[in-house]
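Reader: I'm new to this and would like to learn how to read a structure, one feature at a time. Could you walk me through it?

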Amino acid sequence: MNKLGNSKNYWQVSGERADLRRPRRPAQPVAVASKPQEIIIDLEDTAIIVVDMQNDFCTPGGWLDSIGVDTAPLLGPVGPLNALLPALRQAEVPVIWLNWGNREDRLNLPPSLLHVYNPDGQSNGIGAPMPGNGSRVLEKGSWGAALIEGLSCEQGDIHIDKFRMSGFWDTPLDSILRNLGIRTVLFAGVNLDQCVMHTLQDAACLGYDAVLLEDCCATSSPGYCTEAALYNIRQCYGFVADSASLLREMNSHTAG
């Protein structure tokens, strides 16, 4: 018999038979301190989505830096993510890098979206070349769309291009999560109150259990935007936890 599918969702097939039974791997329950209450998640059906940790958002010389945004706070998630991601990979939790990576011709982007970043039609909006290095803003394959230095991808990580604030619109994100049997999604990245929040909201509306890892997120927006986002996530969409608590509990299970 041969496997047909992915590591979490596959059939066993031969020329004479197709065995449609899915694998049932042992649960990996972990209790995590969070708000509004403690949660228990099963790492076996959990994935982490890291949003927009890209040069155009986080790096000096990138797009936000060029328009006067202080990008230093957006590097805050690097340390917590570098501590957490190896442990999640060890537990076979899928790591998904969800980044802006627009088409060169921008044919799938409506004027309403382009206007947000180029309100006068003459600014350096999506797809415009950056002064200095010529990198086209958030265009797939450009320096600006690339993952920042200090975070590393590993073999087996999943990469998904997005084209909106939410990573679910016009992308295969939902199909990939469902095909992996994912029920719980951990959220990290930037900007907390924009792309992270919008993707988390859509995940909750689609029926996923949403958990924001606060110390793995950042934003360049004013502080009240963070407060509002955290309030709304706790109140309406899911849970707010931190990676240190999750990592501590994972390590205690491993040690035990």
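Reader: Let's start with Lys140 and Asp161: in what do their side chains meet?

Author: Here's the general idea: side chains of opposite charge can pair when their charged atoms come close. In this model, the side chains of Lys140 and Asp161 meet in a salt bridge, at 2.6 Å from N to O. The term salt bridge asks for a side-chain nitrogen of Lys or Arg within 4 Å of a carboxyl oxygen of Asp or Glu. Lys140 sits in the loop between α4 (111-117) and β9 (158-162), while Asp161 is in strand β9, so this pair links distant parts of the chain, 21 residues apart. Helices (H or I, at least four residues) and strands (E, at least two) are DSSP runs, numbered from the N terminus.

One caution: this is a predicted model, where local features need pLDDT of at least 70, side-chain atom pairs count only at pLDDT 80 or more, and totals for chains, interfaces and linings use all residues. Residues are numbered from 1 along each chain as its sequence is written, and side-chain values use heavy atoms, with hydrogens and water left out.

Reader: Is Lys140 buried or exposed?

Author: Lys140 is exposed, at 54% relative accessible area, and Asp161 is partly exposed at 27%. Buried means under 20% relative accessible area, exposed over 50%, and partly exposed in between (1.4 Å probe, protein chains only).

Reader: How many salt bridges does a search of the whole structure find?

Author: It finds 9 salt bridges. One of them joins Glu44 and Lys8, at 3.4 Å from N to O. Glu44 lies in the loop between β6 (39-42) and β7 (46-51), and Lys8 in the loop between β1 (2-6) and β2 (9-13), so the pair ties together parts that are 36 residues apart in sequence. Glu44 is buried at 14% relative accessibility, and Lys8 is buried at 12%. There's a network here too: salt bridges link Lys8, Arg25, Glu44 and Glu92.

Reader: Now strands. Which way do the side chains along β6 point?

Author: In a regular strand the side chains alternate between the two faces of the sheet. Along β6, Ile39 and Ile41 point to one face and are buried, while Ile40 and Asp42 point to the other and are not. Strand β4 (residues 29-32) is joined to β6 by 4 bridges, and the two run antiparallel; strands pair if DSSP finds at least two bridges between them. Ala31 stands opposite Ile40 in β6.

Reader: And how many aromatic pairs does the structure hold?

Author: A pair of aromatic rings is described by the distance of the centres and the angle of the planes. The structure holds 4 aromatic pairs. Rings of Phe, Tyr and Trp (its six-membered ring) pair if their centres lie within 6.5 Å; planes under 30 degrees apart count as stacked, over 60 as edge-to-face and the rest as tilted. Take Trp100 and Tyr117: their ring centres are 6.3 Å apart and their planes at 85°, so the pair is edge-to-face. Trp100 lies in strand β8 (residues 95-100) and Tyr117 in helix α4, so the pair ties together parts 17 residues apart in sequence. Trp100 is buried at 1% relative accessibility, and so is Tyr117 at 19%. Together with Phe57 and Trp63, they form one aromatic cluster.

Reader: Stepping back, how many helices and strands does the chain have?

Author: The chain has 8 helices and 12 strands. Buried residues make up 47% of its 256 residues.
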